[in-house]
Amino acid sequence: ALFRALGSEGVRVMMESALTARDRVGVQDFVLLENHTSEAAFIENLRKRFKENLIYTYIGSVLVSVNPYKELEIYTKQHMERYRGVNFYEVSPHIYAVSDNAYRSMRTERRDQCILISGESGAGKTEASKKILQYYAVTCPASEQVQTVKDRLLQSNPVLEAFGNAKTLRNDNSSRFGKYMDIQFDFRGAPVGGHILNYLLEKSRVVHQNHGERNFHIFYQLIEGGEEDLLRRLGLERNTQQYQYLVKGNCPKVSSINDRNDWKAVRKALSVIGFNDDEVEELLNIIASVLHLGNVQFGAEESGNAYITTDTQIKYLARLLGVEGSILKEALTHKKIIAKGEELMSPLNSEQAASARDALSKAVYGRTFTWLVNKINLSLAYKDDLYPLSKNASVIGLLDIYGFEVFQQNSFEQFCINYCNEKLQQLFIELTLKSEQEEYESEGITWEPVQFFNNKIICDLVEEKFKGIISILDEECLRPGDASDLTFLEKLENTVGGHAHFVTHKLADGKTRKVMGREEFRLLHYAGEVNYNVNGFLDKNNDLLFRNLKEVRALGLTVLFCCVNAHHTSSLCCSSILTQCFDREELTDKKRPETTATQFKNSLAKLMEILMSKEPSYIRCIKPNDAKQAGRFDEVLIRHQVKYLGLMENLRVRRAGFAYRRRYEVFLQRYKSLCPDTWPNWKGRLADGVSTLVKHLGYKPEEYKLGRSKIFIRFPKTLFATEDALEVRKHSLATKLQACWRGYSQKSKYLKMRHSAILIQAWWRGILALREAKRRRTAADTIRRFIKGFIYRKQPRCPENEYFLDYVRYSFLMNLWRNLPKTVLDKSWPTPPPALTEASEQLRNLCMQNMVWTYCKRISPERKHQLEQKLVASEIFKDKKDNYPQSVPKLFASTRLNGEEISPKVPNAHEPCHPVFPCISVSSLSDGLFVLHVPCEDNKQKGDVVLQSDHVIETLTKVAICADKINNVNISQGSIKFTVGRGKEGVIDFTPGSELLVTKAKNGHLSVTAPRLNSR
Ligand SMILES: Nc1ncnc2c1ncn2[C@@H]1O[C@H](COP(=O)(O)OP(=O)(O)O)[C@@H](O)[C@H]1O
Ligand SMILES: [Mg+2]
């Protein structure tokens, strides 16, 4: 499902990145081609990869890029991330790999870098430079300040492209100027500034375009996209066909270009870069002026003098440029001459006037472009006060310069451009091919010489002092007399005619002559032969307008610019840009300015110096077809480019002897896992490590060589075998690593937990110890106070003893509380301390009262009655009768002898007993006999009653209570007398004995023996 979602494109990209030194499709580094000398094999590899949309391939560290002419999904943020910080050779070839490599070299080696992008027009140079810039913008560290710089760096592109790019036959967005851009990085690797150098804008395009080509984009963008208001202010119509400068190529619309959208992008970019609205307006004033200038037409008076037929244009121009119409008119139709030391204005004919007009347009546009670049540079300038720490910034330079160009008609511009490419090629040769040789030398490996074409000979032909083509051209421009383009050609023939790389019609053999015009000379460039038409060389070299300003033949435009200047220094109105562009000093300076070709030569020399001081990376762009078509691989065209880019030579040199080389540490790092001695780490010298490793791998002596710091491997297949082994090894390593990692992570987790536990324990122990210490201290304090208190206990209350005293009281009270008597009978009571003696007594009473009260409250009426009876019994019998103690626990039963049963007659309750006789008599022994004494009057008849009861105490008590005779119970010790009847008396004798025995004694007494139960 994942694969389907990605689409075949995505799958391929994924697979490609998964492969390492090799690709599934061909080889990703040409040095790994088995047949490295075959151009056919080279192109076949390129073709195979191109068909699979693999547009990038290496030759060593040089990146070859084929323009796909379609959007590929290989520039996403994920791709950028994939290439970030990765070893160059570990991932599939990509422009990001080159960018990242340069960036890292800059950071680690602190060496300035440059990336040289070359290739012919339309091969993808500008796109490549944009991709690099985007890569840095996304991947480099950023802060808010840096973001502004990044934005400006990125946004400088659309602006420069609008003003400096145009549609040509070769490329819809062809750069018509050379560009070298420095990106400055601070010590953290963040981009902090930039600087742009521009080279030779193709100014002639402003006034003329070949069929099928356009003027610079900005003109169309302004007319198509400009707001109604703006166009009205500028006096423009929304119709490109209205403007002479825009109709020459007959190509107003290009399908791949949307001028209206581009306009919006440019407007936005301008404000990002820091243009305010006034500056933008002013800039557009100038663009509009150029268009108006193009529409200025001349007629001829009878005298032949030119006059202006289009007054509206003059009106607009006067307003936009801020000069008076009359001055403008005069300037456009006259030239200044100096005759006999006097300045005069001499009229021009209409042809001259038209070329003066075009010269003015070109000059204005060209200078404005330079002004624009300067303005952008100001905005990109690395602001030291903003980044005070980044004093010595490192630099990565990006060179995107016009590629080698061959047209049907080639003029001065192509001459300059191709010369520039010769110089770059020379730099390439010098730096790459030579460095290769030097590397062998420095590594101590024998160099087998490789033949390569050194184009120095052509560079010399063009630039040599006195003898070079440029010198001859300058000479021709300067010399007095009638110099012309043709005299220049003649002079060339005379001077460099014998040069092996130079031919003219006259000098050529018959075959060549057929394809050459008489006004042409041919240079045999490294990239191929080019015929240059000399027409216009002198004028273009002189830069018509300015080089002639101070000459007698000067155009009236001198006057114009003096006016522009004069005007604007006084009143700061619209065209301050022009004032800056056309410096007054320059116009009045007596020194002759340099020719265009010399200026260009010098600026190229400077550029070479800049590039030489940096470490170069190369991107060689190839254009697959002339039709800007995706998927078309035009073999003839490509073979030509491969040849003139010197790619085969480049490869041959790289492969001279050895296909592959790496620094020892890199090689060892990558393959060390393949040998037990080097895995996981090699401790000794790197060279020994590598030597051990390759021996273990079974490399044969002829397959490799060890240099001073690098290993050189002769055949690709040796390397492939090693790669395969690594691929297999990786799996087992991965498993091992995972296991180790798991172990490690678990262990660290465990250690962390353990550590935490120990920490918690320690804390807890600490807390416990603190508590214990506190407890002990308190205990010691208490004991000390106690002892002290004990010593002082006799003293009156004072701080020393108060604790003790309180404690004693407290403990007494607590003890009391715990051991209070439970019953009234319990008489125990703790001994109080002296201070509480009184309180103790009171408490004791209270306690007793409380118990009694509680006890009493609980007693029932029956029980009370019982106790009352018992009390009476006690009063009567206690200590008097022997069987009393036994009767105490026995309850009196209410069923026996309750009050109603006892007749009040016997004995009468109201009649007191005889005072002499008791009413009831009983013995002190344990017997149950008792006598009820009947009162005397009654007694005459019946006598007293002798009774016996088992419950004698109960019976007597109840009877006594009932008869209210409690005090009249007589307890007798020896014998009881009683009345028998009619005055007769009986006696009962009581004697203690062992058992109860009642007998009639001899003396007539009743004798009772009863056991004595209690000894009294
Ligand atoms: N990497 C690329 N991916 C997609 N299209 C590209 C790529 N490189 C170039 N092109 C296409 O080719 C055209 C020309 O590229 P450009 O960089 O302007 O060429 P040069 O600057 O070399 O003249 C671009 O407008 C674009 O359409
Ligand atoms: Mg370009």
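## Notes on the predicted model

1. Let me start at the far end of the chain: Ser 1007 is buried, as its relative accessible area is 17%, where buried means under 20%, exposed over 50%, and partly exposed anything in between (1.4 Å probe, protein chains only). The residue sits in strand β27, which covers residues 1006–1011; helices are DSSP runs of H or I with at least four residues, strands are E runs of at least two, and both are numbered from the N terminus. Beyond four places in sequence, Ser 1007 touches Asp 989, Leu 997, Val 998, Thr 999 and Ala 1001, with contact taken as heavy atoms within 4.5 Å.

2. A word on ground rules. The model is predicted, so to speak of local features requires pLDDT of at least 70 and side-chain atom pairs need 80 or more, while totals for chains, interfaces and linings use all residues. Residues count from 1 along each chain as written, chains are lettered from A and ligands numbered from 1 in written order, and side-chain values use heavy atoms, without hydrogens or water.

3. Now the overall picture. The protein has 1016 residues, and 49% of them count as buried. Its secondary structure amounts to 36 helices and 27 strands. Taking contacts between residues at least 6 apart in sequence, 65% link residues at least 24 apart. The accessible surface is about 51,400 Å², and carbon and sulfur atoms hold 54% of that (Shrake-Rupley method, 1.4 Å probe; for residues, only the protein chains shown count as cover).

4. The metal site deserves a careful look. The magnesium ion, ligand 2, is coordinated by OG1 of Thr 126 and OG of Ser 175, at 1.9 to 2.2 Å. Because Thr 126 belongs to helix α5 (residues 125–139) and Ser 175 to strand β5 (residues 174–175), the pair ties together parts 49 residues apart in sequence. Thr 126 and Ser 175 are both buried. Donors are N, O and S atoms within 2.8 Å of the metal (3.2 Å for Na, K and Ca), and with water not among the atoms, sites may look incomplete.

5. Which residues lie closest to ligand 1? Among the 15 residues that surround ligand 1, the closest are Asn 67, Gly 122, Lys 125, Thr 126 and Glu 127, where a residue qualifies if one of its heavy atoms lies within 4 Å. Asn 67 places a polar side-chain atom 2.7 Å from an oxygen atom of ligand 1. Gly 122 uses its backbone instead, with an N or O atom 2.7 Å from a ligand 1 oxygen. The side chain of Thr 126 has an N or O atom 2.6 Å from an oxygen atom of ligand 1. On its own, ligand 1 has 550 Å² of accessible area, and the protein covers 87% of it. Thr 126 thus appears twice in these notes, at the magnesium ion and at ligand 1.

6. Cys 621 is a good place to zoom in. It is part of strand β16, residues 615–622, and counts as buried because its relative accessibility is 0%. Residues up to four places away aside, its contacts include Ser 65, Ile 117, Ser 118, Gly 119 and Glu 120, as well as Lys 125, Gln 641 and Leu 645. Lys 125 is also one of the closest residues to ligand 1. Between Cys 621 and Val 642, 21 residues apart in sequence, the C-alpha to C-alpha distance is 9.7 Å.

7. Asn 157 lies in helix α6, residues 144–164. Its relative accessible area is 6%, so it is buried. Outside the four places on either side in sequence, Asn 157 touches Lys 130, Leu 133 and Lys 179.

8. Some backbone details are worth checking by eye. Most residues other than glycine have a negative phi, and most peptide bonds are trans. The peptide bond from Trp 679 to Pro 680 is cis, with omega near 0°, and Pro 680 is in the loop between α28 (664–671) and α29 (686–697). Asn 250 has a positive phi, near 55°, in the loop between α9 (244–247) and α10 (259–273), and is exposed at 53% relative accessibility. Lys 628 also has a positive phi, about 55°; this residue lies in the loop between β16 and α26 (635–644) and is partly exposed, at 25%.

9. Finally, have a look at Phe 790 in helix α30, residues 716–791. Phe 790 is partly exposed, with a relative accessible area of 42%. Leu 805 is 15 residues away from Phe 790 in sequence and 8.2 Å away in space, C-alpha to C-alpha.

Note on methods. A polar contact is a pair of N or O atoms within 3.5 Å; within protein, one must be able to donate a hydrogen and the other to accept it, and residues adjacent in sequence count only if both atoms are side-chain atoms.
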